[in-house]
Amino acid sequence: MPDFFEVVRSQRGTAYYKPDPIPDDVLNQILEAATRAPSGSNRQPWRFIVMRDREVKRRMGELYREAQRRMTGSAPTRGAEDGPVHFSVGMEDVPVLVMICVELWQIRGSEIYRGASIYPAGQNLMLAAAAHGIGTRLTTIWQHCYEDVASLLGVPDDWAMMAMTPMGYPAPPDHLGGSRRKPVSEVTFIDRWGNAGE
Ligand SMILES: Cc1cc2nc3c(=O)[nH]c(=O)nc-3n(C[C@H](O)[C@H](O)[C@H](O)COP(=O)(O)O)c2cc1C
């Protein structure tokens, strides 16, 4: 296993996936890492829908592209210069898709609480995948077809879908690592907003 900080640096949004399957024990370890995340009052208000069925993944890809059409007015096509959404064309070939859901009844009335109790689990999942050399990409654009996706996956009304990630080994030209981020000095204040320190 790589060093933790190597893993953190390697994790990035993968757009191209090999169809190679993810072994069950590896997938279970990744999901177990997700369940180690913190949540408000340790309620663990998460469910992970692991999509492996080709037809479910194909339909998910269709809805993803329809959502993109609704949002931007155009849909991606295979081979086009649209790296970030490339996986939505042929989504059935991505070995696994994971929909991350949060329970609503215990957090109604607090949007912050909802996100704060689910995204740490999503980040754990993505980091654990990266530790295995597996690419992921947190996506939300499909929310523009929320009702259709909920119906496809049978998500009940008292649960909300918060993020979906494809999961698979990166295919060239993609690779883990190489994300571009602002330096710590640019995004950190000391004691008070705007105070950059020394
Ligand atoms: C809240 C959120 C929503 C996102 N939604 C999408 C999405 O719908 N589709 C997509 O391809 N990437 C999506 N991303 C991935 C970002 O575009 C990606 O993390 C960012 O561009 C940094 O890319 P990198 O990690 O490869 O450097 C989302 C990320 C976040 C945090």
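Colleague: In what sense do S3 and S4 pair, and over how many bridges?
Modeller: This is a predicted model. One bridge links Thr 136 to its partner in S4, Met 167. S3 and S4 pair in the antiparallel sense, and the number of bridges is two.

Colleague: In what order do the four strands of the open sheet lie?
Modeller: S1 and S2 run antiparallel and are joined by six bridges. S2 and S4 pair in the antiparallel sense over eight bridges. S3 and S4 pair over two. The open sheet therefore has antiparallel pairing, and the strand order is S1-S2-S4-S3.

Colleague: Which are the edge strands of this sheet?
Modeller: The order of the open sheet is S1-S2-S4-S3. An edge strand here pairs on one side only. The edge strands are S1 and S3.

Colleague: Which residue stands opposite Phe 48 in S2?
Modeller: Six bridges join S1 to S2. The two strands run antiparallel. Opposite Phe 48 stands Ile 100.

Colleague: What is the bridge partner of Glu 103 in S4?
Modeller: S2 spans residues 96-103. S2 and S4 pair over eight bridges, in the antiparallel sense. For Glu 103, the partner in S4 is Trp 159.

Colleague: How many of the 10 residues of S4 are buried?
Modeller: Burial here takes 20 or more other C-beta atoms within 10 Å. S4 is largely enclosed by the rest of the structure, because so many of its residues are buried. The count, out of 10, is seven.

Colleague: Which residues have the most contacts inside the largest nonpolar core?
Modeller: This core has 39 residues. H2, S1, H3, S2, H5 and S4 each supply at least two of them. The residues with the most contacts inside the core are Leu 97, Val 98, Ile 100, Leu 125 and Ala 129.

Colleague: Which residues does Leu 125 touch, not counting those up to four places away in sequence?
Modeller: Leu 125 is one of the buried residues of H5. The buried residues of H5 pack against several elements, including H2 and S2. Leaving out sequence neighbours up to four places away, Leu 125 touches Ile 30, Ala 33, Ala 34 and Val 98.

Colleague: How far does helix H5 reach from its first C-alpha to its last?
Modeller: H5 covers residues 119-131, which is 13 residues. At 1.5 Å a residue, the expected reach is 18 Å. The model comes close to that, at 18 Å.

Colleague: What is the phi of Gly 133, just after H5?
Modeller: Gly 133 follows H5 directly in the description of the chain, and its phi is positive. H3 is also followed by a glycine with positive phi, Gly 73, near 90°. For Gly 133 the value is about 75°.

Colleague: Why does the span of H3 agree with expectation?
Modeller: H3 has 19 residues. At 1.5 Å a residue, they should span 27 Å. The span agrees because the end C-alpha atoms are apart by 27 Å.

Colleague: Against which elements do the buried residues of H3 pack?
Modeller: Buried residues in H3 include Met 60, Leu 63, Tyr 64 and Ala 67. Lys 57 and Arg 65 are also among them. The buried residues pack against S1, S2 and helix H6.

Colleague: Is Asn 42 buried or exposed?
Modeller: Asn 42 lies in the loop between H2 and S1. Its phi is positive, about 55°, although it is not a glycine. It has 8 other C-beta atoms within 10 Å, and 12 or fewer is the cut-off. Asn 42 is therefore exposed.

Colleague: What is the phi of Gln 44?
Modeller: Gln 44 lies in the loop between H2 and S1. It counts as partly exposed, with 14 C-beta neighbours inside 10 Å. Gln 44 is not a glycine, yet its phi is positive, at about 50°.

Colleague: Which residues does Gly 40 touch, not counting those up to four places away in sequence?
Modeller: Gly 40 is found in the loop between H2 and S1. It is partly exposed, with 15 other C-beta atoms within 10 Å. Beyond its sequence neighbours, Gly 40 touches Tyr 113, Ala 116 and Ser 117.

Colleague: Which peptide bond is cis, with omega near 10°?
Modeller: Most peptide bonds are trans. Pro 173 has its place in the loop between S4 and helix H7. The cis bond runs from Pro 172 to Pro 173.

Definitions and conventions: Residues are numbered from 1 along each chain as its sequence is written. This is a predicted model: local features need pLDDT of at least 70, side-chain atom pairs count only at pLDDT 80 or more; totals for chains, interfaces and linings use all residues. Two residues are in contact if their C-beta atoms, placed from the backbone, lie within 7 Å. The expected span of a helix is 1.5 Å times one less than its number of residues. A nonpolar core is a set of buried Ala, Val, Leu, Ile, Met, Phe, Trp, Tyr and Cys residues joined through C-beta atoms within 7 Å. Two strands pair if DSSP finds at least two bridges between them.
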